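Notebook open, coffee ready. Today I'm looking up a strand, a pocket and a few odd backbone spots.

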Amino acid sequence: MQCVKVLGGVLGAAALLGLGIILGHFAIPKGTDLPAPSASASQDLDLEILEAVMGQLDADRIRENLRELSKEPHLATSSRDEVLVQLLLQRWQDPESGLDSAGTSEYEVLLSFPSQKQPNRVDVVGPAGGILFSSQRSEENLTGEQGDPNVVPPYAAYAPPGTPQGLLVYANRGSEEDFMELYQQGIKLQDSIVLTRYGGVGRRAKAVNAAKYGVSGVLVYTDPADINDGKSLPNETFPHSWGLPPSGVERGSYFEYFGDPLTPYLPANPSSFRLDSDNASGFPPIPTQPIGFKDAEVLLCNLQGASAPAAWQGALGCDYKLGPGFRSDGIFPAGSQVNVSVYNRLELRNSSNVLGIIRGAVEPDRYVLYGNHRDSWVHGAVDPSSGTAVLLELSRVLGTLLKKGTWRPRRSIVFASWGAEEFGLIGSTEFTEESFSKLQERAVAYINVDISVFANATLRAQGTPPVQSVIFSAAKQIRAPGPSSLSIYDNWIRYSNRSSPVYGLVPSLGTLGAGSDYAPFIHFLGISSMDIAYTYDRGKTSARIYPTYHTAFDTFDYVDKFVDPGFSSHQAVARTVGSVLLRLSDSLFLPLNVSDYSETLRSLLQAAQQDLGGLLEQHNISLGPLVTAVEKFEEAATVLGQHVSALQKGTPDPLQVRMLNDQLMLLERTFLNSRAFPEERYYSHVLWAPRTGSVATFPGLSNACSKAMNTGPRSAAWAEVRRQLSILVVALEGAAATLRPVADL
């Protein structure tokens, strides 16, 4: 049952049925919700307030936030997760530093847990049926935290139960290409158990690809070559360094989609229609279990068969063989098999989002959202509590200014703590489903800070092109941590940069996939989004992510000693995000530069012309309409930019400002087409949907051409190419029309 608690603020007499109503209430000012008498329609970003906020963000407070947040394991819907819900509510209703209001919303969602009575296990079974070896069922207790009774044992969430047994085969990263290589080498995969390593493809994809070849079970481990730069000895890893210990196991969701598995496109409220769990799609097809590289070494280093290709070798100290089965001169007798026993269960649980709101003084019906998830697999000091620690400090500083009467933003600010993200971005997706129309009409931008600090070398930002300028502006004004006097921007450009035909050398802004809670906002709702963090020097490590990711070793001491001693990088992220948030919420003109989309569109178009143009011409398909559509967009964006500059120099009418800002805000929505990718759930953005084709151009066009390449000219695949091209042209023409003067019908 969905439950709402409202704390603080005067919200009128009507009973509230959901946090969406809170937002709607603020969108219709009345009574005490009217802008303060001092509020002016021309209210703009106050640089003195911005500077004050930057100065008040305290690294020590962030550190203490993290200590409290990561003190105990807080798996989604656990008792500790609920304690943190109450902590957020208490902070956001504090009389001296709280917000205007705060509340929770609950969703009944389908989660997956290992059985407490029957632990998952991996055994080597001898020819006579005896157990010769068993994998560790929990990680080694190196610092005390790993022995907490609330540490969930390693498991693959949503993997089905089962006890398959067979000869072991090494399948590298479990990609389609990897299984094809094994098949071509004549390796028998039917009824086998395959050992794969993390990376290369998504978690679920390993099981899907394996099942196509008749594999009955999948093991997944993290190779020290991929996470520890080859280091694997106990004295080389945590607690002696930031490296993953041999017993460390990465947990994770193996569900394909995001959102509650049983209520796609519907909020998981009690009254919503639910699929039968037996008919729900997106779960792994065969039992799957993760293990540590210490156990993987025992299995992999005793395999028989041909040596694996050089690219498949790792850092376990042996020559990786392909199998199937164990070698006769190893520690297991010939004919020994691997048994994978998975006893996972599906369970409906109530998961909470927490929202805190600061009401806008001038435009309360325009929302700038800033969120992070709260739940973790274990203690989750880096993921996600480093982000929540920053969120709490920024909301404290802004709440203090608010309570003193010193400041109120022009637009409303919504702080969000999402539930059950680790299981598939569930809390944020349910919120976007429930508030779909309201958010599409009123949301200015979404700022995501999940892991705030991976490491302490440089800023890393991902986002859609219009947010590039506001991130750059913020980063230029803040000093980078460390002994140098460089700004965060200048430090960033040293580590990651690109050559822009418009600006010259600039930091690289990454694109948004589906790795965190920004996904439903950009892909489903078309809201300009970004994700901000500090990260490591890619020149010094090949680690695909910080080493203790999703393990029981991601603890406060790990962060305090190895990730960010002194918490200066956490403070830098807080300042960067705080500056971006204030610029979006307080600036008279929204700092969204739509012209930056022109560069992206031109780049995607050039890739299509260079790599697909000849192929398309052979099938009498012209890119001419797409070229024209891109040119129309470029022209409209240039004219709008000139209009913005002219208004900024004068004293614009408030209605003019509002109309212009709506054009900037709504541009991202024009790239949505809910029928563009019927095979993909929630993906509607024609520029940022998943790309499976090899050509780095518009995803729909790239994917369709990849599938059509070896088919006949009258095939359905080539008809899909034409359809995708038409979808693109219509979207770009619609985007250009949105940027033209609003009176120009």
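**Entry 1: the strand.** Note to self: this is a predicted model. I started with strand β19, residues 529-535, and asked whether its residues are buried or exposed. Seven of the seven are buried, so the rest of the structure largely encloses this strand. I remembered that side chains in a regular strand alternate between the two faces of the sheet. So I looked at each face of β19 in turn. Ser529, Asp531, Ala533 and Thr535 sit on one side, Met530, Ile532 and Tyr534 sit on the other, and both sets are buried.

**Entry 2: its neighbours.** Which strands pair with β19? I found β15 (residues 443-448) running parallel to β19, with three bridges. I also found β16 (residues 458-463), which runs antiparallel to β19 and is joined to it by six bridges. Met530 turned up in both pairings: its bridge partner in β15 is Ile447, and Gly463 of β16 stands opposite it too.

**Entry 3: a pocket.** Next I looked up the second largest pocket, which comes out at about 580 Å³. It has 36 lining residues, and the closest to its centre are Pro114, Gln116, Val151, Val152 and Pro153. The elements giving two or more residues to this lining are α4 (79-92), β2 (121-125), β10 (288-290) and β12 (345-358). I sorted the lining by class and got 15 nonpolar, 14 polar and seven charged residues. Where does this pocket lie relative to domain 1 and domain 2? It lies between them, because domain 1 (47-112 + 347-586) and domain 2 (116-342) both give residues to its lining.

**Entry 4: a record.** The unreviewed UniProt entry has an annotation, "domain: PA", over residues 167-252. In the model, that stretch is 26% helix and 16% strand, and its end C-alpha atoms are 25 Å apart.

**Entry 5: backbone oddities.** Reminder: most peptide bonds are trans, and most residues other than glycine have a negative phi. I found a cis bond from Gly323 to Pro324, with omega near 0°. Pro324 is in the loop between α8 (293-300) and β11 (337-341). Another cis bond goes from Asp383 to Pro384, with omega near 10°, and Pro384 is in helix α9 (residues 381-404).

Then I looked at positive phi values. Asp191 has phi near 65° and lies in the loop between α5 (176-184) and β7 (193-197). Tyr265 has phi near 70° and is in the loop between β9 (252-253) and β10. Asp191, at 45% relative accessibility, counts as partly exposed, and Tyr265, at 43%, counts as partly exposed as well.

Key
Residues numbered from 1 in each chain as written. Predicted model: local features only at pLDDT ≥ 70, side-chain atom pairs only at ≥ 80, totals over all residues. Heavy atoms only, no water. Buried < 20%, exposed > 50% of the residue type's maximum accessible area, 1.4 Å probe, protein only. Helix = DSSP H or I, 4+ residues; strand = E, 2+ residues; numbered from the N terminus. Pairing = 2+ DSSP bridges. 1 Å grid on protein atoms, 1.4 Å probe; cavity = no way out; pocket = protein on both sides within 12 Å on 5 of 7 lines; lining within 4 Å. Points joined across faces, edges and corners; volume = space filled by probe spheres on them. Nonpolar A, V, L, I, M, F, W, Y, C, P; charged D, E, K, R; others polar. Domains from an automatic or database assignment. UniProt positions renumbered as here; feature names shortened; annotations may be inferred.
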